[in-house]
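Welcome, and thanks for taking a look at this one with me. Below are a few numbered notes to read alongside the picture.

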Amino acid sequence: MWLIKLAWKNIWRNRSRTLITMAAIFFAVILSVLTSSLQDGVFDNLVKNMVSFYSGYIQVHKKGYWDEQVLDNSFEASYKMEQSVLTDHNITAISPRLESFALASSAAITKGCLVVGISPEEENKITRLKEKITEGAYLQENDPGILLSEGLSKRLQLYLHDTIILIGQGYQGATAAGKYPVNGILKFGSPELNDKALFMTLPLAQDFYGAYNRLTSYVMALKDNSSLQKTSASIIDAGIGREYEVMTWEEMMPDVVQHIKTDTASSRIIQGILYLLICFGIFGTLLMMMVERKFEIGMLVAIGMKKIKLILLLLIESVITVVSGCLLGIIASMPVVWYLNRHPISLSGETAKIYERFGFEPVFPASTETIHFITQGLIVLMIGLVLSLYPMVKVIRVRPVLAMKR
Amino acid sequence: MQTVIDAHNVSKVYNADTIPVYAVNNVHLHLQKGEFTALVGPSGSGKTTLLNLIGGLDKPDSGNIIINGVDITTLSANELINFRLKNIGFVFQSFNLIPVLTAKENAEFILQLQKVHRKERIKRIEALFKQIGLSDKLNERPAKLSGGQQQRVAVARALASRPQFVLADEPTANLDSRSASNLLDIMARLNKEEGITFLFSTHDQRVIDRARRVITLVDGQISNDTAAVPVTHEAPVSTEKS
Ligand SMILES: Nc1ncnc2c1ncn2[C@@H]1O[C@H](COP(=O)(O)OP(=O)(O)O)[C@@H](O)[C@H]1O
Ligand SMILES: [Mg+2]
């Protein structure tokens, strides 16, 4: 007990040194928690955005569809498959789609577009399409109207309640043509979708393409991304048949995966540099301390203080300093992370464009997962404690006669 | 008379490979319980080295040092630390005290190392502070004390654990003459009244005059020894050993 008291007094013998050490640890924890939780938040957000923009986490197609996305690679809708897939509790929703290209015309303008037939309710569970409505109303069951993306609407100069004419090639070479009222306008973060997409109910699309009861894909949403591979494997294991292909978003969008990998690597480097800076900061103050206390330590050993006790004393001092720096850092980083979660950093300019090209909104909400606080706190704690071994090693070697020499 | 320090043929050589310096050269030294002895000699004569050897802070290159029947040259570094704690009181020239502790806590510290109970600690320390005349400074930190007061606290700390003897390497070197004489008064009184054995080095003539035995070192060798004077409370200072 008296040793702890002495340690406490020693900590405050040189207030500024202790505060420098604690501040180094404090800011190190905050910065590394921030880097880590921002990074994770960005990727979480990226994945969530990517999949909820369009692809979903997992898709089932007819084998070969992904390489050749044409209506002839469509398949018969299977209620049985929908039900069996939904028994997997990692899958929160499954939605059928029929999609293909067509030409969209207003009176004077014609543009290519992506026509997507959806089940309004199921689709909304996966891509939250309803939230992207900026004008008009979302699709109803058996709605005769369509939803037009904002960019396409501008390019065609077609607005709410106007009529759009679609012409294309239907299933098995049939000619597809139709006239539809514009029910609503959708705004997408992804320029690709925003300039091309057009949504209608599944029966309407099947009718347009003459592809009755046919689908090009089942799109699935998962509880979270961590069960992606497992769930995909279990769909295949469930025996959906050799004529289907099961693809995860990672397989459908390899460039996003690559981007995440590159970005993770670069932020690891940033964190590494950060850790290195903390090391120097802490080590500097430790060196200073040992120079200042050299004589005293020699004296203590001379009068009969066992080295192990002296080491224990120094250990208590560093544990108190390092642990409290870490704890304060963790506590202080919580509101910061929380704030950055609620008020995501949003980018503009070139970087934003790059992110938009990947198809997601350039906003960076921090991840509030506890794991970041724990891991980063522990890493800095370990760094602090490992460095604290230095004074202890010095104590083991100390020879009072030399230490007390002027 | 009980012998507390018995050193035979003790030598310490520095720079043995290049130009050897015999800091302590074949010294024989016997100290009885109750002595009040000064180790004198010019700077560089080996006083500090000899005291360090006797105090178990350094190992001789040859010879034996027997303290209270134990040959400390055979002890391991860890055993030596423990031996010092239990048997030897140290007063250094300066920086004796832990700056973050009060005077009382500094003296108490050595008793805490020895796991002496709180009641006993308080009792001893209060008595000692009365003897060193600093009862009113118990709760002051070293920085608030004068150099002389700090050295007195160091003496109190050295005595708190009731050692076999006290080694003091130039305890007055940094003190003005009044403080020095005051410290010597206290040491002499403790020696006379409590029978505490002191061995201290100095090159201050006024301090030398207070000693009852003076050992003179020159170039690491004892050149003169007025011989041990056992503590016979009424004996005159100049009594020779028979
Ligand atoms: N660590 C050392 N290395 C080399 N020489 C030393 C060392 N310590 C002391 N000496 C030498 O030993 C001799 C005795 O020194 P010291 O015991 O300090 O003398 P004093 O205390 O009487 O001034 C001196 O010549 C000194 O230079
Ligand atoms: Mg000296």
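**Notes on the ligand and the chain contact**

1. Let us begin with the ligand. Ligand 1 lies between chains A and B. Please keep in mind as you read that this is a predicted model.

2. Which residues surround ligand 1? From chain A there is A:Lys405. From chain B come B:Tyr14, B:Val21, B:Ala23 and B:Pro42, then the run B:Ser43, B:Gly44, B:Ser45, B:Gly46, B:Lys47, B:Thr48 and B:Thr49. Sorted by character, this shell holds 4 nonpolar, 6 polar and 2 charged residues.

3. It helps to place the shell on the fold. In chain B, β2 (21-32) and α1 (47-54) each contribute at least two residues to the shell around ligand 1. The largest share belongs to α1(B), with 3 residues.

4. Now zoom in on the oxygen atoms of the ligand. B:Gly44 places a backbone N or O atom 2.7 Å from an oxygen atom of ligand 1. B:Thr48 has a polar side-chain atom 2.7 Å from a ligand oxygen, and for B:Thr49 a polar side-chain atom is 2.5 Å from an oxygen atom of ligand 1. As for cover, ligand 1 on its own has 550 Å² of accessible area, and the protein covers 69% of that.

5. Next, step back to the two chains. How many residues does each chain bring to the contact? Chain B gives 25 residues and chain A gives 22 residues. Between them, an area of about 2,200 Å² is buried, with carbon and sulfur atoms giving 67% of it. On the chain B side, B:Ile81, B:Val100 and B:Leu113 are worth finding in the picture: they supply 24% of the area that chain B buries against chain A, more than any other three residues.

6. There are charged and polar links to look for as well. The interface of chain B and chain A has 2 salt bridges by the rule used. One of them joins B:Glu105 to A:Lys9, whose closest N and O atoms are 2.9 Å apart. The number of residue pairs in polar contact between the chains, both at pLDDT 80 or more, is 4.

7. Finally, which helices of chain B help form the side that touches chain A? Both α2 (77-87) and α3 (103-113) supply at least two residues each. The largest share, 5 residues, is from α3(B). Taken by type, the residues on this side of chain B are 14 nonpolar, 6 polar and 5 charged.

Key:
Residues are numbered from 1 along each chain as its sequence is written. Chains are lettered from A and ligands numbered from 1 in the order in which they are written. This is a predicted model: local features need pLDDT of at least 70, side-chain atom pairs count only at pLDDT 80 or more; totals for chains, interfaces and linings use all residues. Side-chain values use heavy atoms; hydrogens and water are left out. Contact means heavy atoms within 4.5 Å. Buried area is the accessible area (1.4 Å probe) that two parts lose on being put together, summed over both. A salt bridge is a side-chain nitrogen of Lys or Arg within 4 Å of a carboxyl oxygen of Asp or Glu. A polar contact is a pair of N or O atoms within 3.5 Å; within protein, one must be able to donate a hydrogen and the other to accept it, and residues adjacent in sequence count only if both atoms are side-chain atoms. Helices (H or I, at least four residues) and strands (E, at least two) are DSSP runs, numbered from the N terminus. Ala, Val, Leu, Ile, Met, Phe, Trp, Tyr, Cys and Pro count as nonpolar, Asp, Glu, Lys and Arg as charged, and the others, Gly among them, as polar. A residue is near a molecule or strand if one of its heavy atoms lies within 4 Å of it. Accessible areas come from the Shrake-Rupley method with a 1.4 Å probe; for residues, only the protein chains shown count as cover.
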